[in-house]
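Here are my notes after a look through the model, as promised. Have the structure open while you read; the points follow below.

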Amino acid sequence: MSGKTKIAFLGTGLMGAPMARRLLGAGFSVTVWNRDAAKAEPLVADGADIAASPADAVAGAAIVFTMLTNGQAVSEVLFERGVADSLAEGTIVVDCSSIAPQIAREHARRLAEKGIRHLDAPVSGGVVGAAAGTLAIMAGGDGTAVESLKEVFACLGRVTHVGPSGAGQVCKLANQQIVAVTIGAVAEAMVLVEAGGASRAAFRDAIRGGFAESRILELHGARMVERNFAPGGASNNQLKDLNAVMAMADELSLELPLTRQVRQEFADFVESGGGEQDHSGLLLQLEKLNPRN
């Protein structure tokens with residue numbers, strides 16, 4: 001790999017834009033495309049080229065990243081908007097979107113028929129991790145393809161090859177389980193602490209460094225104290241992932257009671273209008289359940 005390697009990045013929203021910026025900062029040639037072009041335009045100042053269509057963006061690219069909303073959006077861009085037909089044999093498609101494992105496997109199969117390699121490589125770490133280049137990247141697919149992109153992944157964070165096609169998405173769903181349940185636990189603790197007469201901010205400071213320490217407590221606990229629910233990770237997306245977890249659990253005949261309960265809390269929060277708020281905003285749903293006079 002070198003700075004001359006052409007990369008296409010499709011989807012420059014909250015996560016995609018800082019990831020593309022990291023690649024540009026490392027000297028790679030990056031062409032970007034986004035459904036809403038206004039979200040891609042700021043990357044021009046960092047050296048990106050903007051394409052009018054996803055098919056135009058991938059022309060001549062050796063690596064294609066996708067960071068899109070859901071499986072339907074990825075399928076549409078890859079197979080209905082000309083991307084797969086515009087890729088040269090041997091190109092590697094790295095899908096960082098969070099989608100259902102079976103959809104990722106189907107994408108891999110269809111691309112393989114054209115001689116194109118596919119990695120499902122969802123990420124964890126949020127916007128902060130994307131900007132800092134500290135994402136946890138869970139890659140499913142061919143291990144040799146993961147190894148060949150080691151230098152590229154290093155710009156974005158730490159990559160781990162977790163298994164065959166679809167395994168990256170399975171691990172991301174498990175990650176989202178932990179995130180959601182932990183957000184729920186921290187939010188419930190915040191409700192309990194305030195009802196009991198203690199300071200939420202002081203409580204969070206007091207338990208830092210103890211067994212309850214976590215990135216959720218550090219980042220989302222601070223959001224709850226500050227009541228800053230501008231989206232880093234939208235509750236709509238958290239619910240989408242939890243729905244996928246429960247669908248997978250049903251397929252595997254698994255009982256996941258904690259996940260089922262927190263999924264319902266997020267569903268209620270989204271239904272009441274909280275879908276565009278950060279997932280730490282689940283605190284608002286719990287406060288609604290526990291009104292204080």
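1. Starting with the pocket: this is a predicted model, and the lining of its largest pocket splits by class into 16 nonpolar, 22 polar and ten charged residues. The volume of this pocket comes out at about 1,400 Å³.

2. In total, 48 residues line the largest pocket, and those nearest its centre are Met15, Gly232, Gly233, Ala234 and Asn237. Strand E7 (123-124), helix H6 (126-132), H9, helix H11 (215-226) and H12 each give two or more residues to the lining. H9 has the largest share, with six residues.

3. Next, have a look at Asp278. You'll find Asp278 in the loop that runs between helix H13 (257-274) and helix H14 (282-289). Is Asp278 buried or exposed? With a relative accessibility of 1%, Asp278 falls under the 20% cut-off, so it counts as buried.

4. What does the side chain of Asp278 reach? The partner is the backbone nitrogen of Gly232, at 2.9 Å. Gly232 is also one of the residues nearest the centre of the largest pocket. Setting aside residues up to four places away in sequence, Asp278 touches His220, Arg223, Phe229, Ala230, Pro231, Gly232, Gly233, Ser235 and Phe269.

5. Phe269, one of those contacts of Asp278, is itself buried in H13. The other buried residues of H13 include Thr259, Val262, Glu265, Phe266 and Val270. As for what they meet, the buried residues of H13 pack against helix H9 (167-195), helix H12 (235-251) and H14.

6. Now the nonpolar cores. The largest has 33 residues, and Phe9, Met19, Leu23, Phe65 and Val94 have the most contacts inside it. At least two residues of this core come from each of strand E1 (6-10), helix H1 (16-25), strand E2 (29-33), strand E4 (63-66), strand E5 (92-95), strand E8 (135-140), helix H7 (143-148) and helix H8 (150-154). H1 supplies the largest share, four residues. Apart from this core there is another, of 22 residues, with Ala51, Ala57, Val64 and Leu111 among them.

7. Phe65 is worth a click of its own. Its contacts, leaving out neighbours within four places in sequence, are Ile7, Ala8, Phe9, Leu10, Leu23, Val94, Cys96, Val152, Phe153 and Leu156. Among these, Phe9, Leu23 and Val94 are, like Phe65, listed with the most contacts inside the largest core.

Notes
Residues are numbered from 1 along each chain as its sequence is written. This is a predicted model: local features need pLDDT of at least 70, side-chain atom pairs count only at pLDDT 80 or more; totals for chains, interfaces and linings use all residues. Side-chain values use heavy atoms; hydrogens and water are left out. Buried means under 20% relative accessible area, exposed over 50%, partly exposed in between (1.4 Å probe, protein chains only). A polar contact is a pair of N or O atoms within 3.5 Å; within protein, one must be able to donate a hydrogen and the other to accept it, and residues adjacent in sequence count only if both atoms are side-chain atoms. Contact means heavy atoms within 4.5 Å. A nonpolar core is a set of buried Ala, Val, Leu, Ile, Met, Phe, Trp, Tyr and Cys residues joined through side-chain atoms within 4.5 Å. On a 1 Å grid over the protein atoms alone, a cavity is a set of points where a 1.4 Å probe fits but cannot get out, and a pocket is an open set with protein on both sides within 12 Å along at least five of seven lines; lining residues have an atom within 4 Å of a point. Grid points are joined across faces, edges and corners, and a volume is the space filled by probe spheres set on the points. Ala, Val, Leu, Ile, Met, Phe, Trp, Tyr, Cys and Pro count as nonpolar, Asp, Glu, Lys and Arg as charged, and the others, Gly among them, as polar.
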